[in-house]
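Me: I would like to learn how to read the features of a protein model one at a time. Could you take me through them slowly, with a general idea and then a case for each?

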Amino acid sequence: QVHLVESGGGSVQPGGSLTLSCAASGFNFRTYCLGWFRQAPGKEREGVAAISLYTGQAYLADSVQGRFTISADYANNTLYLQMTTLKPEDTATYYCAVGTSFSNDERSLWESEYHHWGQGTQVTVSS
């Protein structure tokens, strides 16, 4: 059974940094795609970053390019999202999700490409 548990959320001032973690179990970690999504109050959920666990290739949304980094720890089956230079508009609940294929384009950020989701962790960026 696929199980995803996010952690690392919290409150931070604009310009600050946070690293989110997603502990994964119940599937072969190296053969899938994992992604980070976020949903702000009153808005639709949007894709932030995705990574192919097979090749290590990553794709990030334009809004977070140069500020966020997605990575995976294969020894511990854990996905990370390093977030720097945080902005108030980054405030959202962040979710990790498992998908079956990776594309080096925006398709990797489509919700429809993912089939299992974590419960989310809240990130608040405010002064």
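Me: Which residues does D73 touch, not counting residues up to four places away in sequence?

Reply: This is a predicted model, and in it D73 touches F29, T78 and Y80 once residues up to four places away in sequence are set aside. D73 itself lies in strand 7, which covers residues 68-73, and its side chain also makes a polar contact with the side chain of N76, at 2.8 Å.

Me: How many disulfides are found in the whole structure, and which cysteines form a disulfide?

Reply: A disulfide is a covalent bond between the sulfur atoms of two cysteines. A search of the whole structure finds 1 disulfide, and it is formed by C22 and C96, whose sulfur atoms are 2.0 Å apart. The torsion about the S-S bond of C22 and C96 is about 55 degrees, so this disulfide is right-handed. Because C22 lies in strand 3 and C96 in strand 9, the pair ties together parts that are 74 residues apart in sequence.

Me: Are C22 and C96 buried or exposed, and what is the nearest cysteine sulfur to C33?

Reply: C22 and C96 are both buried. C33 is in no disulfide, and the nearest cysteine sulfur, which belongs to C96, is 12 Å away. C33 is buried as well, since its relative accessible area is 1% and the cut-off for buried is under 20%.

Me: Which members of the largest nonpolar core touch the most other members?

Reply: In soluble globular proteins, nonpolar side chains tend to be buried together. Here the largest nonpolar core has 37 residues, and W36, F68, L81, M83 and Y94 are the ones that touch the most other members. Several strands each supply at least two residues of this core, among them strand 3 (18-25), strand 5 (46-52), strand 8 (78-83) and strand 11 (121-125), while strand 9 gives the most, with 5 residues. To look at one member in detail, M83 is in contact with G16, S17, L18, L20, R67, F68, Y94 and V123, leaving aside its neighbours within four places in sequence.

Me: R67 appears among those contacts of M83, so where is R67 found, and is R67 buried or exposed?

Reply: R67 is found in the loop between strand 6 (58-60) and strand 7, and at 10% relative accessibility R67 counts as buried. A polar atom of the side chain of R67 lies 3.0 Å from the backbone oxygen of S63. Leaving aside neighbours within four places in sequence, R67 is in contact with Q82, M83, T84, T85, L86, K87 and D90.

Me: How many aromatic pairs are there, and why is the pair of F37 and Y114 called edge-to-face?

Reply: The count comes to 4 aromatic pairs. The rings of F37 and Y114 have their centres 5.0 Å apart and their planes at 80 degrees, so the pair is edge-to-face, the cut-off for that name being over 60 degrees. This pair links distant parts of the chain, with F37 in strand 4 (residues 33-39) and Y114 in strand 10 (residues 114-117), 77 residues apart. Both F37 and Y114 are buried, and ring pairs link F37, Y114 and W117 into a cluster.

Me: Which rings does R45 lie over?

Reply: The charged end of R45 sits over the ring of Y95, 4.8 Å from the centre of that ring. R45 also lies over the face of W117, at 3.9 Å from the ring centre.

Notes. Residues numbered from 1 in each chain as written. Predicted model: local features only at pLDDT ≥ 70, side-chain atom pairs only at ≥ 80, totals over all residues. Heavy atoms only, no water. Helix = DSSP H or I, 4+ residues; strand = E, 2+ residues; numbered from the N terminus. Polar contact = N/O pair within 3.5 Å; in protein donor to acceptor, adjacent residues only side chain to side chain. Contact = heavy atoms within 4.5 Å. Phe/Tyr/Trp six-rings, centres within 6.5 Å; stacked < 30°, edge-to-face > 60°. Buried < 20%, exposed > 50% of the residue type's maximum accessible area, 1.4 Å probe, protein only. Lys NZ or Arg CZ within 6 Å of the ring centre and 35° of its normal. Core = buried A, V, L, I, M, F, W, Y, C linked by side-chain atoms within 4.5 Å. Disulfide = S-S within 2.5 Å.
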